[in-house]
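I opened this entry to look up where the ligand sits and what surrounds it. After that I wanted to go through the pockets one by one.

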Amino acid sequence: STVPPKILNNGVEMPQLGFGVWQVPDDEAERAVATALETGYRSIDTAAIYGNEEGTGRAIAASGVAREDLFVTTKLWNGDQGYDATLRAFDESLAKLGLDYLDLYLIHWPLPARGKYVDTYKAFEKLHADGRIRAIGTSNFLPEHLQRLIAGTSVIPAVNQIELHPHLQQHAAREYHAEQGIATEAWSPLGQGKGLLEVPAIIAIGQKHNRTPAQVVLRWHIQLGNIVIPKSVTPSRIRENIEVFDFILDTEDLAAISALNEGRRIGPDPATFDVG
Ligand code: NAD
């Protein structure tokens with residue numbers, strides 16, 4: 001594979017670029033993951049709530065790629081938070097994926113008003129200690145949630161997966177993660193492909209390097225040190241999105257993209273999001 005690894009805080013290597021399957025129905029996910037694996041992706045990001053762990057698992061099983069060469073992430077859904085419920089939900093996800101261990105398990109949302117994420121994470125620590133998960137982490141945790149988690153548990157999260165793209169650059173979160181040794185993983189790295197890929201500055205940088213806007217944005221993430229998991233079900237885009245390791249943005253390009261920060265979320269605010 002052409003994708004370089006990011007070394008997590010427990011020494012586990014995670015590909016810096018992987019394939020996301022949010023909003024992809026199970027059958028379509030099976031086809032898309034199969035295409036991604038053929039194209040050279042080795043990291044897949046799914047979640048219990050996406051409803052496509054089975055399709056993802058079928059594609060993995062059929063791919064012929066050795067298990068140790070794959071990096072599979074799934075996420076615990078909100079309604080399954082709590083120690084015992086987490087242990088059950090993990091078994092279910094693993095069975096749906098058809099795997100006997102997971103590479104990375106994330107708490108999908110903190111749901112601070114429910115006050116369960118510390119107990120939930122203690123179940124993650126047990127699964128990790130039992131050798132059933134190689135790395136454990138969080139998603140959508142604000143620094144204040146991470147602080148409380150770290151104070152109440154013993155394994156520092158390996159990864160926090162958060163909304164992050166040129167319109168929402170998350171400087172404070174990235175800085176806090178770096179201080180704590182937590183890798184930053186960007187969800188919706190392309191800003192969901194909407195306005196971001198039509199921004200003139202991004203198009204211009206692409207023309208300069210003979211690259212597409214999506215490749216420019218993904219390359220920006222890579223040079224910042226973010227882990228990225230772009231999603232596409234279109235084979236040509238799946239290929240395009242992984243071909244970002246043979247060009248370099250210069251300081252002028254990086255500065256032009258830095259200037260696009262609007263600090264505005266597409267997705268929900270983790271402080272108040274509370275469904276499921
Ligand atoms: P994204 O930023 O990856 O954008 C995907 C969309 O961009 C596609 O549907 C397509 O419309 C467009 N696109 C993709 N490649 C393109 C290309 N080369 N050229 C032009 N357009 C292109 O958005 P996403 O799916 O929201 O995020 C990626 C992954 O992050 C998800 O699939 C999921 O795995 C993860 N995610 C996690 C959370 C969370 O709460 N943890 C939330 C959202 C997404």
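Before assigning lining residues to elements, I note that helices here are DSSP runs of H or I with at least four residues, numbered from the N terminus. I also keep in mind that the model is a predicted one.

Entry 1, the ligand and its shell. I looked up which residues surround the ligand and found 27 of them, with Asp45, Ser139, Gln161, Ser188 and Leu190 coming nearest. Sorted by class, the residues of this shell divide into eleven nonpolar, eleven polar and five charged. I then asked which element gives the most to the shell around the ligand. It is helix 9, residues 235–242, which contributes three residues.

Entry 2, polar contacts of the ligand. On the side-chain side, I noted that a polar atom of the Tyr50 side chain lies 3.5 Å from a nitrogen atom of the ligand. On the backbone side, a polar atom of Pro189 is 3.3 Å from an oxygen atom of the ligand, and a polar backbone atom of Gly191 is 3.4 Å from an oxygen atom of the ligand. Taken alone, the ligand exposes 840 Å², and I recorded that the protein buries 88% of that area.

Entry 3, the largest pocket. I checked which pocket corresponds to the space taken by the ligand, and it is the largest pocket. I wrote down a volume of about 780 Å³ for the largest pocket. Its lining comprises 36 residues, of which Trp22, Gln23, Ser188, Gln192 and Lys231 are the closest to the centre. Ser188 thus appears in this list as well as among the residues that come nearest to the ligand. Helix 8 (213–224) and helix 9 each supply at least two residues of the lining, and the largest share, three residues, comes from helix 9. By class, I found 17 nonpolar, 14 polar and five charged residues in the lining of the largest pocket.

Entry 4, the second largest pocket. Here I noted about 280 Å³ of space, lined by 17 residues, with Glu13, Pro15, Glu68, Asp69 and Leu70 closest to the centre. Which strand gives the most to the lining of the second largest pocket? I found that strand 2, residues 13–15, does so with three residues. The lining of the second largest pocket has ten nonpolar, two polar and five charged residues.

Methods. Residues are numbered from 1 along each chain as its sequence is written. This is a predicted model: local features need pLDDT of at least 70, side-chain atom pairs count only at pLDDT 80 or more; totals for chains, interfaces and linings use all residues. Side-chain values use heavy atoms; hydrogens and water are left out. A residue is near a molecule or strand if one of its heavy atoms lies within 4 Å of it. A polar contact is a pair of N or O atoms within 3.5 Å; within protein, one must be able to donate a hydrogen and the other to accept it, and residues adjacent in sequence count only if both atoms are side-chain atoms. Accessible areas come from the Shrake-Rupley method with a 1.4 Å probe; for residues, only the protein chains shown count as cover. On a 1 Å grid over the protein atoms alone, a cavity is a set of points where a 1.4 Å probe fits but cannot get out, and a pocket is an open set with protein on both sides within 12 Å along at least five of seven lines; lining residues have an atom within 4 Å of a point. A molecule sits in a cavity or pocket if more than half of its atoms lie within 2 Å of its grid points. Ala, Val, Leu, Ile, Met, Phe, Trp, Tyr, Cys and Pro count as nonpolar, Asp, Glu, Lys and Arg as charged, and the others, Gly among them, as polar. Grid points are joined across faces, edges and corners, and a volume is the space filled by probe spheres set on the points.
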